[in-house]
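Me: I have a model open and want to learn how to read it. Can you take me through the features one at a time?

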Amino acid sequence: MRKSLEHNFESAIWQARWSVLTAVFCSSAAALAMFYVAAVDAFYVVKRLLNYASLTDVYERMSVRANAIGSVVEVVDGFLLAIVLLIFAFGLYELYVSKIDTAYDEEASTHMLAIDSLDDLKSRLGKVIMMILIVKFFELAISMSFENVYDLLMFSGGIVLVGGSLFLTEFASGHHTPKIKTDPDREVWTEEKRRQMMETE
Amino acid sequence: MKIKQSKLEYLFEHSLWQLRWSVLIAVIASLFTALIMFYVAAVDTFYVLEMITTEYAQEANMLDRKELRGAAVGHVVEVIDGFLLAVVLLIFGYGIYELYISRMDGPENHEAADHLLKVENLDDLKARLGKVVLMILIVKFFEISMTMEYEGVKELTIFAVAIGLIALSFFMAEYAARKSGQLKTRSSDRQRRKESLKEINND
């Protein structure tokens with residue numbers, strides 16, 4: 001009697017893990033929305049820059065240019081956030097519901113399904129927050145006017161600090177895990193190619 | 001020699017030991033708060049999506065769009081943070097149950113058990129809570145900084161100092177949290193398979 005009560009209770013509370021599915025759905029939906037936002041931004045940037053050649057005044061061109069660079073960086077930042085949201089959704093699903101079997105042999109799975117633990121999820125969120133903050137700093141800096149040498153000095157101090165924080169976030173994630181490579185397979189491939197060439201010689 | 005135990009002592013110890021069932025309250029409450037947090041974050045997501053889909057493309061004015069965008073990004077990060085909190089509450093509930101009541105026998109071999117049932121002691125519970133609180137604080141900082149107005153180079157520099165401090169605390173938390181050999185998902189499987197393939201090739 002007691003055993004079956006325990007069993008029922010345990011299987012009941014174990015069902016609570018299905019609630020993670022809401023997080024998976026919401027995170028994927030938010031990812032799609034962020035892709036949309038970044039795409040709209042990109043559309044407006046392109047639209048605004050189409051008449052760049054017809055701007056004859058140097059100063060006007062300079063301000064348009066600074067603005068454009070800011071928006072382009074912002075667009076890229078938006079896409080990054082969207083990708084992180086996608087990785088987040090897949091990671092939650094793989095960690096707490098079940099592994100995604102169909103994706104196992106896909107080429108992109110090394111990078112899309114790269115979440116190993118809850119800490120990993122958290123650190124990814126942290127890193128993307130740092131990136132957005134840095135982009136924010138960049139945007140503010142690009143539209144600011146500097147009046148004297150002290151301003152310039154302070155600006156360089158700010159740049160060093162941002163560089164330091166970038167270093168810290170990278171270092172934190174890179175210290176215990178293998179270094180992030182864009183495509184580890186390519187390295188193996190080039191290695192094999194080189195060996196083949198040596199053999200034919 | 002057998003130590004004699006008086007009837008009174010036995011009764012007292014027995015009733016004292018029954019107190020541990022009160023932990024069940026914590027388990028159930030923790031699971032319910034987890035469900036509610038999932039619900040809250042889902043509602044947040046719905047409103048962010050609604051805002052983005054109805055307003056964003058129509059807003060042709062660049063400055064207005066920028067403001068809208070900042071708000072959207074802030075909310076999205078907040079949503080993710082809410083989901084993280086909910087998952088931690090779920091792990092917390094299961095952890096308390098396993099530590100103080102009984103092992104969960106059924107799901108032991110389940111795929112997700114590695115990650116949902118991995119609290120090892122009380123310190124582990126505390127560390128988890130600490131880390132999630134830190135993350136929420138960082139998100140709070142992020143939200144405030146996104147909506148703040150900055151004027152002049154001095155404020156810009158102060159902003160950079162604040163970013164540096166956040167990076168430092170993030171670094172410290174990360175450094176404390178990461179242990180090697182925690183790999184347990186597909187990516188680690190893949191790595192293991194690659195390594196075994198390499199070994200076969202070497203032979």
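**Reading the model**

Reply: Start with the order of elements: chain B, read along the sequence, runs α-α-α-α-α-α-α. Keep in mind that this is a predicted model.

Me: How many helices and strands does chain B have?

Reply: Chain B has seven helices and zero strands. Chain A likewise comes to seven helices and zero strands. Its pattern along the sequence is α-α-α-α-α-α-α.

Me: What share of each chain is buried?

Reply: Burial here is a neighbour count: a residue is buried if 20 or more other C-beta atoms lie within 10 Å of its own. In chain A, 30% of the 201 residues are buried. In chain B, the figure is 32% of 203 residues.

Me: What about contacts between residues far along the sequence?

Reply: Take pairs at least 6 apart in sequence. Of such contacts in chain A, 77% join residues at least 24 apart. For chain B the value is 79%.

Me: How do I read a helix pair? Take α3(B) and α5(B).

Reply: Look at the angle and the axis distance. Helix α3 (residues 62-100) and helix α5 (residues 122-147), both of chain B, pack at about 170°, with axes 10 Å apart. Angles over 145 degrees count as roughly antiparallel. Therefore α3(B) and α5(B) are roughly antiparallel to each other.

Me: Which residues make that contact?

Reply: From α3(B), they include B:Gly70, B:Val77, B:Leu84 and B:Phe92. From α5(B), they include B:Leu125, B:Val132, B:Ile136 and B:Phe142. By class, the contact has 14 nonpolar, four polar and four charged residues.

Me: Now the chain interface. How is its size expressed?

Reply: Often as the accessible area lost when the parts come together. Here, use residue counts. On the chain B side, 69 residues are in contact with 71 residues of chain A.

Me: Which element gives the largest share of the chain B side?

Reply: That is α6(B), with 16 residues. The elements giving two or more residues are α2 (23-55), α3, α4 (113-116), α5, α6 (152-177) and α7 (186-202) of chain B. The class split of this side is 47 nonpolar, 12 polar and 10 charged residues.

Me: Can I see the interface through one residue?

Reply: Try B:Val87. Set aside its neighbours within four places in sequence. B:Val87 is then in contact with A:Val20, A:Tyr96 and A:Leu118.

Me: What is in the largest nonpolar core?

Reply: A core is a set of buried nonpolar residues joined by C-beta proximity. The largest one has 84 residues. Among those with the most contacts inside it are A:Met34, A:Ile129, B:Val87 and B:Ile163. Both chains feed it: α2 (20-49), α3 (58-96), α5 (118-142) and α6 (149-174) of chain A, plus α2, α3, α5 and α6 of chain B, each give two or more residues. The most comes from α3(B), with 19 residues.

Me: Where do the domains of chain B fall?

Reply: The domain assignment gives domain 1 (7-148) and domain 2 (152-203). Their contact takes six residues from domain 1 and six residues from domain 2. On the domain 1 side, α4 and α5 of chain B give two or more residues. The largest share, four residues, comes from α5(B). That side divides into three nonpolar, one polar and two charged residues. The largest nonpolar core draws at least three residues from each of these two domains.

Technical notes
Residues numbered from 1 in each chain as written. Chains lettered and ligands numbered in written order. Predicted model: local features only at pLDDT ≥ 70, side-chain atom pairs only at ≥ 80, totals over all residues. Axes fitted to C-alpha atoms, helices over the stretch in contact; angles between N-to-C directions. Parallel < 35°, antiparallel > 145°, perpendicular 65-115°, else oblique. Contact = placed C-beta atoms within 7 Å. Nonpolar A, V, L, I, M, F, W, Y, C, P; charged D, E, K, R; others polar. Domains from an automatic or database assignment. Core = buried A, V, L, I, M, F, W, Y, C linked by C-beta atoms within 7 Å. Buried ≥ 20, exposed ≤ 12 C-beta atoms within 10 Å, placed from the backbone.
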